[in-house]
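Let's take a friendly walk through this chain. Have the sequence and the 3D view open as you read.

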Amino acid sequence: MSRSQGIQVAPGSRGKGVGLGYALIAACAFGGSGVAAKPLIEAGLDPLHVVWLRAAGAALIMLPIAWRHRALVRQRPMLLAGFGLLAVAGVQAFYFAAISRIPVGVGLLIEFLGPVLVLGWIRFVQRRQVTRAAAVGAALAVTGLACVVEVWAGLRFDALGVLLGLGAAFCQAGYFLLGDHGSDAGDAAPDPLGVIAYGLIVGSVVLTFIARPWNMEWTVLTGDADMGGTSVSALVLLGWIVLVTTVLAYSFGVFSVRRLSPQVAGVVACLEAVIATVLAWVMLGEHLSAPQIIGGAVVLVGAVIAQSTAPAGPPSGPVASGGPVEGQDHEGERLSARGHAA
C-alpha cells in the first residue's frame, strides 16, 4: 500500500465501508491475542513478559519501515513518543497493573471506556458536536461489554485498581486520537505505518524497564504450551501474537481511524472483547453464558448504530458518525476528530 493510499479516504460510502472493514480486521486481530497469550502465561511466562515480547518482537519486524520513515523522528517526535507511551506501553501496562488488584472482567470493561472518553474529548475539550447515533452506539457498546465480561461476578471496589483501569482507558482513547493525528494534511500527513513502527519501538523500550525481561523464564519459549487440550509450540504462539495481534492489528487499527474517525473506530473496536470471548470459548473451552451472548449482540448493535448514521448538518456540524455529508468536498468527507493531544 502506498503512502497516499494509507492516508486518503475514498469518497462516499466506499471509503466508509473500507474503514469499517479495517476496523473489523483490527478488532479480530487484537481479539486473538488472549487465546495465544494465556497458554504462554499458564506455561510459566509472566504476563508482563508476554507483553514485552509482543512489543519488542513487533518493533524488530517494523525496523525496516522505521528506517524508511526516519524523517518522522525529526518531523513528529511528540506524536511518535505519544503513540509509543499511550497506545503501546500505556494501555498494556495500566491494564495488567489493574487486573492485579481487580477482577479481569472489571478491568477489561473499564479499559473499554476508552471510546466513551473519545466522545467526551470531542464534545467537551474540542467543543465539537457528536451525533446522537455515535453517543447511543457507545452507550450500547459499554452496556454490552458489561454483560460480556459479567461485571457483576466477583466485583469488589479497589480504588487504586479502578484508577489504574481508568489509566488504561485514557491511554486507549489516546490511541484512537493519535491514530487520526494529521489526517487532514493530505500527502503531508505522517505515514501511519511509520507512526506504528516508532510507536512500537518507543513502547518496547518503556516496557523493558517495567517488565524486566532479564528475569524471564526464557526456556518456556523452547517448549510447548497447552491450548484447550492441544499441544502447540510456544514459538508459534509467540509468532501469532507478534505478527497478527500486534503488527497487523495496530496497522489496520490506525488505517480504520483515518477512514472512519477516532470515535466511530473506537466504538467498533469494542467488538474486540466479544471476539476475544468467542475465541476463548472455541479454542480454550471457556464457555459463554446467556448474558455474555446477549451482551455480545448488544455490542454488535451499538457498533452498527455508531457507524451507520451520517450527520445531517454542514461540514462544521457533528463529526462523530461514520458517513459523509452529501455534497461536501473531499476535505469535508473526512470525518475525523483531530488528536491534538500529541
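A good place to begin is Thr246, which, apart from neighbours within four places in sequence, is in contact with Arg54, Ala58, Leu200, Ile241 and Ser251. Thr246 lies in helix α13. Is Thr246 buried or exposed? Thr246 counts as buried, because its relative accessibility is 1%, and the cut-off for a buried residue is under 20%. Please keep in mind that you are looking at a predicted model.

**Next door in α13**

Thr245 is found in helix α13 too, which covers residues 234-260. Thr245 has a relative accessible area of 0%, so it is buried. Which residues does Thr245 touch, once those up to four places away in sequence are set aside? They are Ala29, Phe30, Gly32, Ser33, Arg54 and Trp240. If you click on the Thr245 side chain, you will also find it reaching the backbone oxygen of Ile241, at 2.5 Å. Arg54 thus appears among the contacts of Thr245 and among those of Thr246.

**Two helices side by side in a table**

Leu200, one of the contacts of Thr246, is one of the buried residues of α12. Here is α12 set beside α15, the next helix on our tour.

| Helix | Number of residues | First to last C-alpha | Expected at 1.5 Å a residue |
|---|---|---|---|
| α12 | 20 residues | 27 Å | 28 Å |
| α15 | 14 residues | 19 Å | 20 Å |

For α12 the reach is close to the expected value, and the same kind of statement holds for α15, whose reach is also close to what is expected.

**A closer look at α12**

Helix α12 runs over residues 192-211. At its start, a side-chain oxygen of Asp191 comes to within 2.9 Å of the backbone nitrogen of Leu193. Along the helix, the buried residues are Pro192, Gly194, Val195, Ile196, Ala197, Tyr198, Gly199, Leu200, Gly203, Ser204, Leu207 and Ala211. Just after α12 comes Arg212, with a positive phi of about 50 degrees.

**On to α15**

Helix α15 spans residues 271-284. Its buried residues are Leu271, Glu272, Ala273, Val274, Ile275, Thr277, Ala280 and Leu284. Just after α15, Gly285 takes a positive phi, here of about 75 degrees.

Glu272 deserves a stop of its own. The C-alpha atoms of Glu272 and Cys28 are 6.2 Å apart, although 244 residues separate the two along the chain. Which residues is Glu272 in contact with, leaving aside its neighbours within four places in sequence? They are Ala27, Phe30, Gly31 and Phe112. Phe30 is a name you have met already, as one of the residues that Thr245 touches.

The surface side of α15 has its own story. Val278, Trp281, Val282, Met283 and Ile293 form a nonpolar surface patch, with about 440 Å² of accessible area together. Helix α15 gives the largest share of this patch, four residues. Val278, which lies in α15, is partly exposed because its relative accessible area is 34%.

**The chain as a whole**

Zooming out, the chain has 16 helices and two strands. Of its 342 residues, 54% are buried. Among contacts with a separation of 6 or more, 84% link residues 24 or more positions apart. The accessible surface of the chain is about 14500 Å², and 67% of it belongs to carbon and sulfur atoms.

Terms used
Residues are numbered from 1 along each chain as its sequence is written. This is a predicted model: local features need pLDDT of at least 70, side-chain atom pairs count only at pLDDT 80 or more; totals for chains, interfaces and linings use all residues. Side-chain values use heavy atoms; hydrogens and water are left out. The expected span of a helix is 1.5 Å times one less than its number of residues. Buried means under 20% relative accessible area, exposed over 50%, partly exposed in between (1.4 Å probe, protein chains only). A polar contact is a pair of N or O atoms within 3.5 Å; within protein, one must be able to donate a hydrogen and the other to accept it, and residues adjacent in sequence count only if both atoms are side-chain atoms. Patches are made of residues with over 30% relative accessible area and no salt bridge: like charges are joined within 9 Å, nonpolar side chains (Val, Leu, Ile, Met, Phe, Trp, Tyr) within 5 Å. Accessible areas come from the Shrake-Rupley method with a 1.4 Å probe; for residues, only the protein chains shown count as cover. A salt bridge is a side-chain nitrogen of Lys or Arg within 4 Å of a carboxyl oxygen of Asp or Glu. Contact means heavy atoms within 4.5 Å.
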